[in-house]
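This report goes through one protein model and the metal site in it. The sequence and structure come first.

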Amino acid sequence: MRMSRYFLPVLRETPAEAQIASHRLMLRSGMIQQASAGIYSWMPLGRRVLGKLETIIHEEQAAAGHIPILMPTLQPAALWQESGRYDDYGQEMLRITDRQGRHLLYGPTNEELVTDIFRGHVKSYRNLPLTLYHIQWKFRDEIRPRFGIMRGREFLMKDGYNFDVDEASAVHAYNRHLVSYLRTYQRMGLKAIPMRADTGPIGGKLSHEFLVLADTGESELFFDSNILELGLGDSDIDYDSREACASVFDRWTQQYARTDETHDPDHFARHVPAVRQRRSRGIEVGQIFYFGTKYSEPMDACVNDASGQRVPVHMGSHGIGVSRLVGAIIEANHDDKGIVWPEPVAPFAVGVINLKPDNEEVSAVCEDLCVRLEAQGLEPLYDDTDDRAGSKFTTMDLIGLPWRLTVGPRSLAAGELELTCRRDGRTFNCAPEEAIGRLTDIYGVK
Ligand code: ATP
Ligand code: MG
């Protein structure tokens, strides 16, 4: 992509309304623009990052055997009256009346709608297990939207719903989601810790929230530092194996890790050695629930089990805050010059800076580089503008592409350009060929 043809409305000034780094940097780097309180437009650069996150989520959901659908943002109130949540949900729900006088709502979550889809089609345990999910905008009329997209009113969520014939199978679905979420966050370059949670308005029996450590997070966390040592390794997991998923669940949930909502100070003091007691703040980037028959019973979503008996299905729901994750990733990856994207979620793989756009040789090398990078699937953002070099570097640092290629007449005379790492400033002077080779290695291009 040529910068001269792109739309990258960066701000030189720091917006006064932004209180935390991610909000400030998202506005300054032209990723988002506020439309009204808690409602944002996603500009091209921000849209690209959302796309990267969505791709990772879809890939990991597919690996776990979950099936994508797309439900609408507007839902009929009648379904929520069936479950009893229409009145319970309160003022966070945006209620709408259409021209026919029909009551609708902008979905804050989708348990009712997906249960309605399920009950219309699935009648036998033989069609289970089934997990349907989508990535769709939600609306919650938050009383205090803040920190940009971190606590918005309209926000993008991946939400998934499992349908199982009995509790054991539904607990397996729960564990499968825990594993797939850990893998998803890990691929995004994040450490997200599962913490035991209350079930809130979703209701139910079992729930964990996933938290990313950050000083600016809204949740207060208490945990055993041992949990920071845990990793998933590179090994593939057999999602069909109940034991394999349960063992990951056990490993990640046996250490004490709670938010202020579930924290038990006595237990923490007695069972976690003082040297391992950690207290910090965190951002909730996802939550999983097992709630049994809470929706299937009132909504009559039943299947025939193996003995021919009609039983309500066991369900759970599972959410990832896709738009909030963009903020969480920036909170965890920035410095005083700007964003520092982890490679897997960067909007572009590499920035190419042309130091002398009026020099034909330099421009020819830059253009050739871009063609070859694109051929390898490494999307470049090519600064071909005639801005001053200093301003080009400032913009590249601000938008935080993980790698930068700088091409100018002086180094080119020696057949070289400069490859620079955004995170630690490491610089390699090398031939274009070698730079492409290094980048394909870094990005694991086959
Ligand atoms: P919170 O406690 O932050 O209000 P929640 O527990 O009500 O969130 P869930 O129903 O668990 O939210 O939704 C799944 C995920 O969606 C959350 O883990 C979070 O990452 C994201 N999310 C929820 N509310 C918002 C919001 N107002 N803005 C952005 N993302 C949100
Ligand atoms: Mg939650």
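The sections below cover the overall fold, the surface and the metal site.

## Overall fold

The model is predicted. The chain contains 13 helices and 23 strands. Its radius of gyration is 24 Å, and the globule rule gives 22 Å for 446 residues; these values are close, so the chain is as compact as a globular protein of that length. The C-alpha trace spans about 80 × 60 × 45 Å along its principal axes.

Of the contacts in the chain with a separation of 6 or more, 71% are between residues 24 or more positions apart.

## Burial, surface and charge

Of the 446 residues in the chain, 55% are buried. The chain exposes about 19700 Å², and carbon and sulfur atoms supply 47% of that area.

The chain carries 51 positive and 63 negative charges. The mean positions of the two sets are 2 Å apart.

## Magnesium site

Which residues coordinate the magnesium ion (ligand 2)? Glu284, through OE, and Gln287, through OE1, do so at 1.9 to 2.1 Å. Water is not among the atoms, so the site may look incomplete.

Are these residues buried or partly exposed? Glu284 has a relative accessible area of 25% and is partly exposed. Gln287 has a relative accessible area of 11%, which is under the 20% cut-off, so Gln287 is buried.

How values were computed. Residues are numbered from 1 along each chain as its sequence is written. Chains are lettered from A and ligands numbered from 1 in the order in which they are written. This is a predicted model: local features need pLDDT of at least 70, side-chain atom pairs count only at pLDDT 80 or more; totals for chains, interfaces and linings use all residues. Side-chain values use heavy atoms; hydrogens and water are left out. Helices (H or I, at least four residues) and strands (E, at least two) are DSSP runs, numbered from the N terminus. The radius of gyration is taken over C-alpha atoms; the globule rule is 2.2 Å times the number of residues to the power 0.38. Buried means under 20% relative accessible area, exposed over 50%, partly exposed in between (1.4 Å probe, protein chains only). Contact means heavy atoms within 4.5 Å. Accessible areas come from the Shrake-Rupley method with a 1.4 Å probe; for residues, only the protein chains shown count as cover. Lys and Arg count as positive and Asp and Glu as negative; His and the chain ends are not counted. The place of a charge is taken as NZ of Lys, CZ of Arg, CG of Asp or CD of Glu. Donors are N, O and S atoms within 2.8 Å of the metal (3.2 Å for Na, K and Ca); water is not among the atoms, so sites may look incomplete.
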